[in-house]
Amino acid sequence: ELGATEAFLYWPLEDLPVSDMTIVLGTEGASPDEQTTINVSSPQVFLDDLIPGTTYELVLSWTCGGERYVLDDFVFTTRGADEGACSGLGDIFLDAIDFNGASFSWEPIANADSYTVAYTLEGDDEWITLDTDQPMITLTSLLAETAYELRVGVNCGDNVLYSFPFYFFT
């Protein structure tokens, strides 16, 4: 959830034996001495005292199975002081699937301007994006017996808050 001076962030690691979770947060382009390090014990954090309309960069790292993992490409911009809050997406539902198509839905997000659905062949980095004003979409012309990765972005002002990946197989 993203507001003018606060953000609630969640990542789906609760089912993994994760330890030593750390967040490094700073405004876009901040030097290391201008960044804040936060140790977290659960896969969520509430950030407050943020500056309205400001872009932040966040790096999340954790240890799992003795290996260190880093997610370093998370950027978000707080809402302007006069804009309503907008939250990230929750669950994505697979409503129907066949050999060359699939239909998805999700709970509507208050204050969302629209949604951007991005999908690709699993493991590929060429994404196809579609925009919709509704909390649902049907993908057509998919390849039969193929694994796909899908993400849904909540468009909120200048921000797009993407969901975690949803994997499906036609």
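## Worked exercises on an all-strand model

Gln-134 sits in the loop that connects β10 (128-132) with β11 (136-139). Keep in mind that this is a predicted model.

**Exercise 1. Work out the surroundings of Gln-134: is the residue buried or exposed, or something in between, and which residues does Gln-134 touch?**

Step 1. Start with the accessibility: the relative accessible area of Gln-134 is 46%. Buried needs under 20% and exposed needs over 50%, so Gln-134 lands in the partly exposed class.

Step 2. Now the contacts. Leaving out residues up to four places away in sequence, Gln-134 touches Trp-106 and Tyr-115.

Step 3. For a sense of distance, try Gly-65, which is 69 residues away from Gln-134 along the chain. Their C-alpha atoms are separated by 40 Å.

**Exercise 2. Do the same kind of check on another loop: where does Ala-112 lie, and how far apart are the C-alpha atoms of Ala-112 and Asp-133?**

Step 1. Ala-112 is found in the loop between β8 (101-106) and β9 (114-121).

Step 2. Its relative accessible area is 23%, so Ala-112 is partly exposed.

Step 3. Ala-112 and Asp-133 are 21 residues apart along the chain, and 8.8 Å separates their C-alpha atoms.

**Exercise 3. Take stock of the whole protein: how many helices and strands are there, and what share of the residues is buried?**

Step 1. Count the elements: you get 0 helices and 14 strands. Reading from the N terminus, the order is simply β-β-β-β-β-β-β-β-β-β-β-β-β-β.

Step 2. Box the C-alpha atoms along the principal axes, and they fill roughly 50 × 45 × 25 Å.

Step 3. Of the 170 residues, 39% are buried. The accessible surface comes to about 9,700 Å², with 49% of that belonging to carbon and sulfur atoms.

Step 4. Look at sequence separation too. Take the contacts between residues at least 6 apart in sequence: 61% of them join residues at least 24 apart.

**Exercise 4. Hunt for aromatic pairs: how many does a search of the whole structure find, and how are the rings of Tyr-56 and Phe-76 arranged?**

Step 1. The search turns up 7 aromatic pairs.

Step 2. For Tyr-56 and Phe-76, the ring centres are 5.6 Å apart and the planes meet at 20°. Planes under 30 degrees apart count as stacked, so this pair is stacked.

Step 3. Place the two partners: Tyr-56 belongs to strand β5 (residues 55-64) and Phe-76 to strand β6 (residues 67-77), so the pair ties together parts that are 20 residues apart in sequence.

Step 4. Check burial. Tyr-56 has a relative accessible area of 5% and is buried; Phe-76, at 2%, is buried as well.

Step 5. Next, try Trp-62 and Tyr-69: they form a stacked pair, 5.9 Å centre to centre with 20° between the planes. Here Trp-62 is buried at 14% relative accessible area, whereas Tyr-69 is partly exposed at 35%.

Step 6. Finally, follow the ring pairs that chain together: they link Phe-104, Tyr-119, Tyr-148, Phe-166 and Phe-168 into a cluster.

**Exercise 5. Look at strand β2: which side chain makes a polar contact with that of Thr-22, and what is the phi of Asp-20?**

Step 1. Thr-22 is part of strand β2 (residues 18-27). Its relative accessibility is 11%, so Thr-22 counts as buried.

Step 2. The polar partner is Asn-39, with the two side chains in contact at 3.4 Å.

Step 3. Beyond four places in sequence, Thr-22 touches Thr-37, Ile-38, Asn-39, Val-59, Leu-60, Ser-61 and Arg-68.

Step 4. Asp-20 is in strand β2 too. Its phi is positive, about 55°, although Asp-20 is not a glycine. At 48% relative accessibility, Asp-20 is partly exposed.

Step 5. Glu-145 also has a positive phi without being a glycine, near 50°. Glu-145 lies in the loop between β11 and β12 (147-156), and is exposed at 59% relative accessible area.

**Exercise 6. Which residues form a nonpolar patch on the surface?**

Step 1. The patch consists of Phe-8, Tyr-10, Phe-46 and Phe-164, and together they have about 400 Å² of accessible area.

Step 2. Zoom in on Tyr-10, which lies in strand β1 (residues 7-10). Tyr-10 has a relative accessible area of 39%, so it is partly exposed.

Definitions and conventions
Residues are numbered from 1 along each chain as its sequence is written. This is a predicted model: local features need pLDDT of at least 70, side-chain atom pairs count only at pLDDT 80 or more; totals for chains, interfaces and linings use all residues. Side-chain values use heavy atoms; hydrogens and water are left out. Helices (H or I, at least four residues) and strands (E, at least two) are DSSP runs, numbered from the N terminus. Buried means under 20% relative accessible area, exposed over 50%, partly exposed in between (1.4 Å probe, protein chains only). Contact means heavy atoms within 4.5 Å. Patches are made of residues with over 30% relative accessible area and no salt bridge: like charges are joined within 9 Å, nonpolar side chains (Val, Leu, Ile, Met, Phe, Trp, Tyr) within 5 Å. Accessible areas come from the Shrake-Rupley method with a 1.4 Å probe; for residues, only the protein chains shown count as cover. A salt bridge is a side-chain nitrogen of Lys or Arg within 4 Å of a carboxyl oxygen of Asp or Glu. A polar contact is a pair of N or O atoms within 3.5 Å; within protein, one must be able to donate a hydrogen and the other to accept it, and residues adjacent in sequence count only if both atoms are side-chain atoms. Rings of Phe, Tyr and Trp (its six-membered ring) pair if their centres lie within 6.5 Å; planes under 30 degrees apart count as stacked, over 60 as edge-to-face and the rest as tilted.
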